[in-house]
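User: I would like to go through this structure by question and answer. Please keep to what can be computed from the coordinates.

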Amino acid sequence: MLTLDKKHNPLENKELIASYFSQKQNLKNVIGQTDTLFQELKPLPAVLHSSLFSFKKLLHSFPRILLSTSWHKHLEDMPMVETDGHHTIFPSWKKELDQEFSRLQKEITREVNVKEFGAAGDGVTDDTEAFKKAIGHGKVKVIVPEGMFITKGIRLPSWTMLVGSGKGTTVIKLHDRAPRSRQLLTNSGRWRGNHHVFVQGMSLDWNVERLGPNKRTASGNNQSSCLTFAHVTYGWVKDVEGINPGLHCFDVSSAVYTYFGDGTRARRSSRYIWLDQLNGYGFGDDGITTHHSDNILISNCHMCDPSGRAHKEGFSNSNGIEVDDGSRNVTLVNNSTTRCFGGVEIKAHYNSAAASNTQIIGHLSIHDNRSYNFRHIGHHIETDPESMTAYNIKASHIVAVAPIRTPLYKDSTPRAMVISAYRNVVINHFTVVGDPDYDYRGEPVIAVQYRSRNIILNGLDIKHFKTAGEDIKVFGGGNGADAVEIRNVTIQDSAPTALHIGPGIQQIKISNVQAVCEKGREGLVARQSEPKISEFHALGYKTPIAVGNQT
C-alpha cells in the first residue's frame, strides 16, 4: 500500500490520484459533470434571517458589531472552475489574482539580499533586525539565500516579495526566546490590512522544541503558526515548508477569529490568496486552514503527521487541510494528506458561520482517520438548531485509502467520508480503498447523517472494507439525512452490507449499483424507508434486497 512521507513532492499528486481510477478521467468533463449534478440538485437557498444588528443589540453587543458581520453580506454564487491548455485547474477569480501579480512585480522598486543588511544565516545569530532593515516599508523583493536564519518573527508590509532558495535550503527558524504566541511569518498590519504579499522557496521552522516536550503548543486565536495571512488581499505562498508549528503551518484568516453565532463571520477577512506546492508536518492543530476569508486556491500541497499538541491529549481535531468558520469560495486542487485526524475537513464551530461554496478537485487521503469530514458542530442532534450556513460542497476525482484509528482523537471511528448538517453536496468520482486485514469494527465506511440534505453520491468505487459494517449508510431518525441520491456505484469484496438506509427518510433514490461480496449479508437494507430503486444488483449477499417487509 502506498505511503507518503513528510518530504513527498506534491507535484506528483495529480498522477498519483489518477492511478486510483480504472479509466483515465478527462478532468474537464468530470468538472462539467459535477456542475451538472449540482444543478440537478436544485440547490436549496441559504436560510434568510433578520438583520444581524438592531439598536438594542447595539447597546449590548458593541464587540460583536466591531468584529463581525452577517454571513450573507457579499454572499456570492459558487465560482466556476476552468481549465487551460495545460490542463491546469483554477477558479474563475484567479484571473484577477494573476493581474494583481503583474502589478506587484511592477511596484517593486528594489531587490536586496538579506545578508547585505547583516544577516548571518548561521543557525545561531539573531537575524531579526537584518530582516527588518531589508524589508523596510515594502516595494521590495528580499532574497534569502541558503542558510538557517534565526528570527523572533518577521512581518511583511504590502508590496513585498520574500524569496528563498527552496525548501530545506533556506530555513527561517524562530528564536529560542520567542514567546509561544509568536507567528514566525505574518503580515505587518492585520487591523488596517495588507495587500500584494508574496512568499516563496523556504522552510519555516516554528522551533517547537523550545517549549519542552509536555507543554500545549498554541496560545489562542490565530497565533502560534508558521505563516499567517490575516486581513491580506492578494497573497501568494509557493514552494514553502511548515515545520512543527504550535497551531497551524499555514493560516489564511481574518484579523481575529470571532465566535458570535451561526450566521456571523469576522470582519477584516483575507481575499484572493493562492497557496501552492506547500509541505507541512508536526502541526499542533491543522496543516492548512482558512477562517472567515474568501477566494482561496490551495493546490499541489501535502500535509501530514500532526503533533496535535494544540489540544488536550486524545482529543485533537488536527486536519491536513481545514476549510473552517465563515470561509467562502475555497478551491482545493490535487492535494494530499496522510496520518491526520481529518484529511480534508469542511466545517465550523457551533458559534460561527459554516464554510460554504467549497470545491475539491483531486485529493489523495491515505491513512487519515476521517478522509473527508463535512460538518457544522453543534447543529447535528435533534435538539440542536438547524445550521443556517452549511451549504454547497462539490468534490470530484477524490481518493480515500485505508482510513484508520488514531491516537490524535482516540474515540473517533475511521471513515472514508462523513457528511453532517451540510446541504447541497455533490460527490462525483470517488475511489475508496480499504485495508482488507484492518479491523473496522463493524462501522460504516461512508456516513450521510445529522440533518444533511440534498446530497448526490455519483461514481463511487468502494472495495476491501471486509470488517466494516456498511459501505454506505444513510442515517435516519429525527435528526437523520434526507433528499439523498446514490448513483453509479461499484462495490467489490467489501462490507457485509453494501447500502443501509435508515428509518423515516422521505426522499431517497438509488440507481445503477453493482455490489459483489463473497460472504455478504445484505445488499440493500431499507426496512423503514421506501427508496426509489433502479438497477440495483447484489451478488454474493445472503439477502440481496430488504426493503420494508419484503426481502
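The turns below go from the whole chain to single residues.

User: What kind of model is this, and what is the mean pLDDT of the protein chain?

Analyst: This is a predicted model, in which local features need pLDDT of at least 70 and side-chain atom pairs count only at pLDDT 80 or more, while totals for chains, interfaces and linings use all residues. Residues are numbered from 1 along each chain as its sequence is written, and side-chain values use heavy atoms, with hydrogens and water left out. pLDDT is the predictor's confidence in each residue, from 0 to 100. In the protein chain 95% of the residues reach 70 or more, and the mean is 94.

User: Over which residues does pLDDT stay under 50?

Analyst: Where pLDDT is low, the predicted coordinates should not be read in detail. The stretch in question has 14 contacts beyond four places in sequence in the model, a contact being heavy atoms within 4.5 Å. pLDDT stays under 50 over residues 50–60.

User: What radius of gyration does the protein chain have, and how does it stand against a compact globule?

Analyst: The radius is taken over C-alpha atoms, and the globule rule is 2.2 Å times the number of residues to the power 0.38. For 551 residues the rule gives a value near 24 Å, with which the protein chain agrees. Along the principal axes, the C-alpha atoms fill a box of roughly 80 × 60 × 50 Å. The radius of gyration of the protein chain is 24 Å.

User: How many helices and strands are there in the protein chain?

Analyst: Helices (H or I, at least four residues) and strands (E, at least two) are DSSP runs, numbered from the N terminus. Of the contacts between residues at least 6 apart in sequence, 75% join residues at least 24 apart. The secondary structure comes to six helices and 36 strands.

User: What share of the residues in the protein chain is buried?

Analyst: Buried means under 20% relative accessible area, exposed over 50%, and partly exposed in between (1.4 Å probe, protein chains only). Gln-99, in helix α5 (residues 94–107), counts as exposed because its relative accessibility is 55%. For the 551 residues of the protein chain, the buried share is 61%.

User: Which residues does Asn-319 touch, leaving out those up to four places away in sequence?

Analyst: Asn-319 belongs to strand β22 (residues 319–323) and is buried because its relative accessible area is 0%. Its side chain reaches the backbone oxygen of Asn-317 at 3.4 Å. Farther along the sequence, Asn-319 touches Phe-283, Asp-285, Asp-286, Gly-287, Cys-340, Phe-341, Gly-342 and Glu-345.

User: How many residues apart in sequence are the parts tied together by Arg-339 and Asp-305?

Analyst: The side chains of Arg-339 and Asp-305 meet in a salt bridge at 2.5 Å, N to O, where the term means a side-chain nitrogen of Lys or Arg within 4 Å of a carboxyl oxygen of Asp or Glu. Arg-339 is partly exposed at 28% relative accessible area, and Asp-305 is partly exposed at 29%. Arg-339 lies in the loop between β23 (328–338) and β24 (342–348) and Asp-305 in the loop between β21 (302–304) and β22, so the pair ties together parts whose separation in sequence is 34 residues.

User: Which strands hold Glu-322 and Lys-347?

Analyst: Their side chains form a salt bridge at 3.1 Å, N to O. Both Glu-322 and Lys-347 are buried. The pair ties together parts 25 residues apart in sequence, because Glu-322 lies in strand β22 and Lys-347 in strand β24.

User: What separates the C-alpha atoms of Val-426 and Leu-457?

Analyst: Val-426 sits in strand β29 (residues 423–433) and counts as buried, with 0% relative accessibility. Its contacts beyond four places in sequence include Thr-34, Phe-38 and Ile-456. Val-426 and Leu-457 are 31 residues apart along the chain, and their C-alpha atoms are separated by 6.2 Å.

User: Is Ala-402 buried or exposed?

Analyst: Ala-402 is found in the loop between β27 (391–401) and β28 (415–420). Its phi is positive, at about 50°, although the residue is not a glycine. With a relative accessible area of 1%, Ala-402 is buried.

Conventions. A polar contact is a pair of N or O atoms within 3.5 Å; within protein, one must be able to donate a hydrogen and the other to accept it, and residues adjacent in sequence count only if both atoms are side-chain atoms.
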